[in-house]
Amino acid sequence: MSLNDQIKRNSYEVKLASDSSESKEYELSVKAVDYAKTPDIRSQIPRGGVKSRLKEQEEARRRRGKMSLLQRRSLSGWLFALPFVFGLLFVYAPIIFTSLKVTFCDIATDGTMTFVGFKYYQQVYTTDPWFPITIWDGLEDLILQIPAIVIFALFMAIILNQKMTGRAAFRAIFFLPVILSTGIIDRLNSQDAFSDAINGSSGTIDTNTGEEAGGIISALDLQQLLGGIKLGAGLVEYVTNLVNNIFDIVSRSGVQMLIFLSGLQSISPSIYESCQVEGASAWETFWKITLPMISPMILVNAVYTVIDLFTCYDNRVMKLMEQALNHGGEYGGTAGGPSVAGVMAWTYIGIVLLFIVIVALILKSFVFYQRRD
Amino acid sequence: MDNSPKIKRETRNKIRVDFERAPLSERLKAKFLNSFFFKKVIFLIFKLVLLIGVSYVILYPYITKIFASFMSPSDFDDVTVVLISKNPTIDQYRYIIMENDYLLSLLNTFLISASVALIQTLVCALVAYGLAKFKFKGNNVLFLIVIFTMMVPQESIQYAMQRFFLRFGTSTPIGYLLDAVGLIEGGFVNSLAPLYIMSVTGLGFKNGLFIFMLRQFFKGVPDELEESAYVDGSSTFRTFFNIILPISVPMLITVFIFAFAWQWTDEFYASSSSIFYLSSYWSSDEAIKLISNIAKVPPSLQDYNKGGMLQAAISGTASILIVFPLILVYLVVQNKIVEGVERSGIVG
């Protein structure tokens, strides 16, 4: 080990051991004098080699009650995360535990719980007429709505990312639902009889389907349009539903649009420039550059959309749960409400967890990660 | 005819170019009558139609609500009235503001939303920074738990939450301590404390999303910035507050606005079946007046309330009154929202 190395190592050690800069300087100078006095450094190397020396230092540090840099860093990490860890242990864990425990217990009117085993699970899974059907329909809704929302958000994000006049105004309008379409406003909008009435007042009844032609387009128009192409009735219905529920789709895709926009901004413009130089058309650029580069965001957004749709209060499973909570088993009386709702909730959470894992796995095989560094 | 430009040298440093320009009509033809220009125009029209169409869909409910809010009760019986009122009046606004305690609700909601949003932003930033920049055992597990909290809808643990906070004095060591001191009597009834406890611990509404967003943002901040601060002798917390927080202001504003708006329109803590607003079964105290409670027919308009159309118009008017302050705040900071998310570089 050369003299230089020795000095470097010592200075490193001093830096760790001392806190104030003054003492650092002092010790360094002492060491330097030491080396000058003792030119034979080999005598200072411990018998076990450098590693044992490091171990000794570690020991000494521990004896002095000081931590290594790594330990200090990980401790800071815990300190920063402390509020959440604290809440997790003392608030969230007990709540989740109670919520699970409730599903195994009868609750008396004074709140005491008595263990009854799988009674409520049996009730919900075997005798409840609505639950399996509602879960199935809810999942079907999810599967139909996720692609619509993700594709719409991507499409709008690409348009809003282009330079054009009035972009700021359009962006402001498009992100409005993110802050407005929640809670009370969402509920008031969904039961807005007034705008429905205005819509309906100009509509007529479709003579063929018997539906009111109140929506933006009617199934009949679309059937005439698509019927010639011989598309299945299911697809026609799907498209009609999408167009008529455009408000829901738009108002649910705000956060997704923001995430896509941030992804589009992070694609380096030089890639597009080189594409232009090579003579790629906009169509090719989209499929070969934009889509692969944005694909991690598609995964994030798909998962976020599942979570968002699933936790939103007005999907049918949540409504059923609320009904069960207020009216109890088979929604007749009031007994066992929390237990039945709890069973439903945890079953639903389990199914959706599984669903998210499947979606993530499917999408993960398409995701392209750009290697940085 | 020789069309090529003639170049004359006037002085040593100056040349003069003479050429015949093509006539204007020829030039315009060349500029506008080609497939490139047609394509551009068609795309522009397509884009504008789409953007304006979707903007219309977004704004439509608010437009109808604004028109309906100025209608008088007689307009609802008149079939010829569609949007524009024949006897415009501001009665709906007047009675909702006067009789449904709008101003008091506004003040209460503002104080609660602002404080809750501030706490949530700060706490989520702290937690996200810890998760993003420090490697420690359990880091990834903690992050997965954050995602899990995002996935459990708060309505589904509503009963357990109520039970937990009602028996707070016997369920946790801290609660036990507070109970022993006499600050709480067994638990929280009709109180704001549960909301603040959930916020301080990063468990509030959609806080998982905030932690996720902020974590992605902090991951994009170069490590060199902090390392140079450490070399200069700054502690981790000082580095966080003096260096990291100032550079992440747009992102923090975004999170703040989300938290503020979602608390503003929140019903979970303010609904009739929730922790604030317990039925007299548990407590006879009057619940705190919040802005989400103003959507009801004011007593003075009760007599006219026949068809349900007035009811719809009134709840529309109420939602305009609820949304109006939010839109003001949004318009002031909406640039920051886009900027904050754009700079975050959220990458998978």
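Leaving aside neighbours within four places in sequence, which residues is Met344(A) in contact with? They are Val124(A), Phe131(A), Leu320(A), Met321(A) and Ala324(A), where contact means that C-beta atoms, placed from the backbone, lie within 7 Å. This is a predicted model, in which local features need pLDDT of at least 70 and side-chain atom pairs count only at pLDDT 80 or more, while totals for chains, interfaces and linings use all residues. Residues are numbered from 1 along each chain as its sequence is written, and chains are lettered from A in the order in which they are written.

**Nonpolar core**
- The largest nonpolar core (buried Ala, Val, Leu, Ile, Met, Phe, Trp, Tyr and Cys residues joined through C-beta atoms within 7 Å; buried means 20 or more other C-beta atoms within 10 Å of a residue's own) has 136 residues, and Met344(A) and Val127(B) are among those with the most contacts inside it.
- Helix α5 of chain B (residues 102-133) gives the most to this core, with 14 residues, helices being DSSP runs of H or I with at least four residues, numbered from the N terminus.

**Contact between the chains**
- In all, 78 residues of chain B are in contact with 70 residues of chain A.
- On the side of chain B that touches chain A, α15(B) supplies the largest share, 16 residues.
- By class, this side of chain B has 50 nonpolar, 21 polar and seven charged residues, with Ala, Val, Leu, Ile, Met, Phe, Trp, Tyr, Cys and Pro counted as nonpolar, Asp, Glu, Lys and Arg as charged, and the others, Gly among them, as polar.

Definitions and conventions. A residue is buried if 20 or more other C-beta atoms lie within 10 Å of its own, exposed if 12 or fewer, and partly exposed in between; C-beta atoms are placed from the backbone. Helices (H or I, at least four residues) and strands (E, at least two) are DSSP runs, numbered from the N terminus. Two residues are in contact if their C-beta atoms, placed from the backbone, lie within 7 Å.
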